[in-house]
Amino acid sequence: MFALKAQLIPPGSIQRPASKLPFHHNVSLTVSLLVGTPPQPVTMVLDTGSELSWLHCKKNPGLNSLFDPVHSTSYSQIPCSSPTCRARTRDFNIPASCDPKKLCHVSVSYADFSSMEGTLALDNFKLGESSMPGVFFRDASGVLLFGEANFAWLKPRSYTPMVKVTSPLPYYDRVAYSVQFEGIKVGGKLLPLPKSILQPDHTGAGQTMVDSGTQFTFLLGPVYTALKNEFLAQTRTTLKELGDPNYVFQGVMDLCYRVPLTQKGYPVLPTVTLMFQGAEMSVSAERLLYRVPGEVRGPDGVHCFTFGNSDLLGVESYIIGHHHQQNMWMEFDLVQSRVGLAEVRCDLASQRLGLGL
């Protein structure tokens, strides 16, 4: 596990192009880069909802991406007595501890009930070496860019400020990219939601996180129910419900439909618009439904609504997943503490950025 350190460089002080990395989009966003000295190629999940970066350092059957710290001269482990051990783990649900070698040992559990544990360490990460053979995907479906993004072909971004909370709260993740949720429209119809339910309360519950490490979008129970009911009402004549009350996809998504296996595409569906302070994210067409692999009902496949219930997930927050960030320019401006949004076709963006995809 590695703590990433960043140095603030004034815009324009260094005349060089922004660093670019292609990433692959599937269940998660994965990117390949180089770690250590000499550099070792590794594949990592791109997750804006996590503070630390994790690398597999022990051999495991079926594991292709492995970092060997023994062969890195720049690798250094963090002792548990170091201030870094305490400072980097202040918001973790399980406090850092000392392992038998007096090293900083960290364990983290996630909302999907998975967990990670390892030793806190430092090493060099190298970005942008796309010319090296065998390091980066050739089937990438997006691009990760570090630096300025002033392109004539890019539509103007709408910006929403990041929400910062300085005091620790039980249900608030202070290291996540958080924004202010202001409402939802379905087919242009604004849902009658009280403002109070869209804002964090005194415990931090109700936080809205833009999280590339989560596949779908999750809403707190009352908001999810309102969205589900309105989407059902507007699609009653165009989509056929699954009709199985016991089927809940991934345990959290209970609105599913039957779509003929021979059918190409979906009928016209109402656009779902997520409204933030100063910006909106529109979810339409194929991003509204997800074909569940292997699930078949007679001549039909099972397709589920790509919004889920946070209550069933066991979290007290709104999570904007990467499925709804497809074909969107997502800009995380840490200098001005804001998130920028613009619609874009990722395949064309990759070509214009010179990745040859």
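A charge sits over a ring if NZ of Lys or CZ of Arg is within 6 Å of the ring centre and within 35 degrees of the ring normal. The views below are taken from a predicted model.

**Figure 1. Charged groups over the rings of Tyr 247 and Tyr 159.** The charged end of Arg 297 is placed over the ring of Tyr 247, at 5.4 Å from the ring centre. Arg 338 lies over the face of Tyr 159, and here the distance to the ring centre is 3.6 Å.

**Figure 2. The salt bridge between Lys 185 and Glu 280.** The closest N and O atoms of the two side chains are 3.5 Å apart. Lys 185 belongs to strand β13 (residues 181-186) and Glu 280 to strand β20 (residues 279-283), so the salt bridge ties together parts that are 95 residues apart in sequence. Lys 185 is partly exposed, at a relative accessible area of 22%. Glu 280 is also partly exposed, with a value of 38%. The pair is one of eight salt bridges found in a search of the whole structure.

**Figure 3. Salt bridges made by helix α2.** The side chains of Lys 189 and Glu 230 form a salt bridge with an N to O distance of 3.3 Å. Lys 189 is in strand β14 (residues 189-190) and Glu 230 in helix α2 (residues 221-235), so this pair connects parts 41 residues apart in sequence. Lys 189 is partly exposed, at 44% relative accessibility, whereas Glu 230, at 14%, counts as buried. A salt bridge also joins Lys 228 to Asp 254, at 3.4 Å from N to O. Lys 228 is in α2 and Asp 254 in the loop between β17 (240-241) and β18 (256-260), so the two ends of this bridge are 26 residues apart in sequence. Asp 254 is partly exposed, with a relative accessible area of 30%. Elsewhere, Asp 244, Glu 295 and Arg 297 are joined into one network by salt bridges that share partners.

**Figure 4. Helix α2 and the largest nonpolar core.** The end C-alpha atoms of α2 are 21 Å apart, which agrees with the span of 21 Å expected for its 15 residues at 1.5 Å a residue. Among the buried residues of the helix are Val 223, Tyr 224, Leu 227, Phe 231 and Leu 232, as well as the charged-bridge partners Lys 228 and Glu 230. The largest nonpolar core has 37 residues, of which Ile 184, Leu 219, Leu 227, Leu 274 and Phe 307 touch the most other members. At least two core residues come from each of β13, α2, β19 (272-276), β20, β24 (317-320), β25 (328-333) and β26 (338-343). Helix α2 supplies the largest share, five residues. Beyond its neighbours within four places in sequence, Leu 227 contacts Ile 184, Val 186, Leu 191, Leu 219, Val 272, Phe 305 and Phe 307. A second, separate core has 16 residues, including Ala 176, Cys 256, Val 292 and Leu 313.

**Figure 5. Aromatic pairs of Phe 181 with Tyr 318 and of Phe 216 with Phe 249.** A total of ten aromatic pairs is counted. The ring centres of Phe 181 and Tyr 318 are 5.2 Å apart and the ring planes are at 75 degrees, so the pair is edge-to-face. Phe 181 in strand β13 and Tyr 318 in strand β24 are 137 residues apart, and the pair thus links distant parts of the chain. Both of these residues, Phe 181 and Tyr 318, are buried. Phe 216 and Phe 249 are likewise edge-to-face, with 6.3 Å centre to centre and 65 degrees between the planes. Phe 216 is in the loop between β15 (207-210) and β16 (217-219) and Phe 249 in the loop between β17 and β18, so the pair ties together parts 33 residues apart in sequence. Phe 216 and Phe 249 are both buried. Ring pairs also link Phe 231, Tyr 257, Phe 305 and Phe 307 into a cluster.

**Figure 6. Backbone geometry at Pro 38, Lys 102 and Ser 337.** The peptide bond from Thr 37 to Pro 38 is cis, with omega near -5 degrees. Pro 38 is in the loop between β2 (29-35) and β3 (40-45). Lys 102, a residue other than glycine, has a positive phi near 65 degrees. Lys 102 is located in the loop between β5 (97-98) and β6 (104-109) and counts as exposed at 58% relative accessibility. Ser 337 is not a glycine either, and its phi is positive at about 50 degrees. Ser 337 is in the loop between β25 and β26 and is partly exposed, with a relative accessible area of 22%.

Conventions:
Residues numbered from 1 in each chain as written. Predicted model: local features only at pLDDT ≥ 70, side-chain atom pairs only at ≥ 80, totals over all residues. Heavy atoms only, no water. Salt bridge = Lys/Arg side-chain N within 4 Å of Asp/Glu carboxyl O. Helix = DSSP H or I, 4+ residues; strand = E, 2+ residues; numbered from the N terminus. Buried < 20%, exposed > 50% of the residue type's maximum accessible area, 1.4 Å probe, protein only. Expected span 1.5 Å × (residues − 1). Core = buried A, V, L, I, M, F, W, Y, C linked by side-chain atoms within 4.5 Å. Contact = heavy atoms within 4.5 Å. Phe/Tyr/Trp six-rings, centres within 6.5 Å; stacked < 30°, edge-to-face > 60°.
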